[in-house]
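Reader: I would like a close look at a single part of this chain, the surface patch and the helix around it. Please take me through that part and then through what it connects to.

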Amino acid sequence: MAQKFKKSNGICRVCNKYEETQQHLFHDCACLCNLWEQISNLIKKVTGESEITILLEQVLLGCSSVANVDNAKIKYINMVIFNTKWVIWKNRNKAKYENIKQTPSDMIRYVKSECRSVAKCYRRNIKELQTYMEKTLHIM
């Protein structure tokens with residue numbers, strides 16, 4: 001038990017190379033290099049918005065608006081960003097506390113699976129998406 005709460009050395013638990021900052025963990029880590037690209041592609045496919053790119057600012061702060069994109073799609077984009085960050089955080093904690101690492105492919109599969117569930121709600125009705133988010137993630 002004492003080992004579970006040992007101090008971090010400040011190095012990223014995903015790549016074991018660089019300082020673990022928010023920017024590094026959620027965006028710059030080489031082990032997650034194509035995660036956000038694949039997530040952007042998923043968002044484009046679901047929303048039909050081909051010009052959307054997930055940048056560092058959106059990863060860290062969320063997406064407040066995108067030119068010519070309606071609020072329902074913005075909510076979906078933020079849900080995907082949040083879900084992806086949650087999967088990254090869970091992976092980091094498993095690596096730190098349980099010494100278990102998911103591969104980026106495993107993380108992408110998990111994020112896509114969760115996002116597909118959300119996308120089904122999105123396609124039917126934004127109200128169902130909000131209900132799903134409230135029940136599943138306890139937000140909003």
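Author: The part to start from is a nonpolar patch on the surface, formed by Phe-82, Trp-86 and Trp-89, which together have about 300 Å² of accessible area. This is a predicted model, and what follows is computed from it.

Phe-82 is found in helix 4. Its relative accessibility is 35%, and it counts as partly exposed because the range for that class runs from 20% to 50%. As a general point, nonpolar side chains in soluble globular proteins tend to be buried together. The patch is on the surface instead.

The next residue to look at is Asn-83, also found in helix 4. Asn-83 has a relative accessible area of 4%, so it is buried, the cut-off being under 20%. Leaving out residues up to four places away in sequence, Asn-83 touches Val-111, Glu-114 and Cys-115. Helix 5 covers 104–124, and these three contacts of Asn-83 carry numbers in that range.

Helix 4 also has a part in the interior. The largest nonpolar core has 29 residues, and Ile-43, Ile-54 and Ile-88 have the most contacts inside it. Two or more residues of this core come from each of helix 1 (22–28), helix 2 (35–47), helix 4 (71–98) and helix 5 (104–124). Helix 4 gives the largest share, 7 residues. For one of the well-connected members, Ile-43, the contacts beyond four places in sequence are Gly-48, Ile-52, Ile-54, Tyr-76, Ile-77 and Val-80.

Helix 4 is tied to other parts by charged pairs as well. In general, side chains of opposite charge can pair when their charged atoms come close. The structure holds 3 salt bridges. In one of them Arg-92 pairs with Glu-20, with 2.9 Å between the closest N and O atoms. Arg-92 belongs to helix 4 and Glu-20 to the segment before helix 1, so this pair links parts that are 72 residues apart in sequence. Arg-92 is buried, its relative accessible area being 7%.

Another salt bridge joins Glu-49 to Lys-73, and here the closest N and O atoms are 3.0 Å apart. Lys-73 lies in helix 4, while Glu-49 lies in the loop between helix 2 and helix 3 (56–61), so the pair ties together parts 24 residues apart in sequence. Glu-49 and Lys-73 are both buried.

The remaining salt bridge is between the side chains of Asp-106 and Arg-109, at 2.5 Å from N to O. Both residues lie in helix 5, 3 residues apart, which is about one turn of the helix. Asp-106 is partly exposed at 29% relative accessible area, and Arg-109 is exposed at 52%.

For the setting of all this, the chain has 6 helices and 0 strands, running α-α-α-α-α-α from the N terminus on. Of its 140 residues, 37% count as buried. Among contacts with a separation of 6 or more, 55% are between residues 24 or more positions apart. The accessible surface of the chain is about 8,700 Å², and 50% of that belongs to carbon and sulfur atoms.

Notes: Residues are numbered from 1 along each chain as its sequence is written. This is a predicted model: local features need pLDDT of at least 70, side-chain atom pairs count only at pLDDT 80 or more; totals for chains, interfaces and linings use all residues. Side-chain values use heavy atoms; hydrogens and water are left out. A nonpolar core is a set of buried Ala, Val, Leu, Ile, Met, Phe, Trp, Tyr and Cys residues joined through side-chain atoms within 4.5 Å. Buried means under 20% relative accessible area, exposed over 50%, partly exposed in between (1.4 Å probe, protein chains only). Helices (H or I, at least four residues) and strands (E, at least two) are DSSP runs, numbered from the N terminus. Contact means heavy atoms within 4.5 Å. Patches are made of residues with over 30% relative accessible area and no salt bridge: like charges are joined within 9 Å, nonpolar side chains (Val, Leu, Ile, Met, Phe, Trp, Tyr) within 5 Å. Accessible areas come from the Shrake-Rupley method with a 1.4 Å probe; for residues, only the protein chains shown count as cover. A salt bridge is a side-chain nitrogen of Lys or Arg within 4 Å of a carboxyl oxygen of Asp or Glu.
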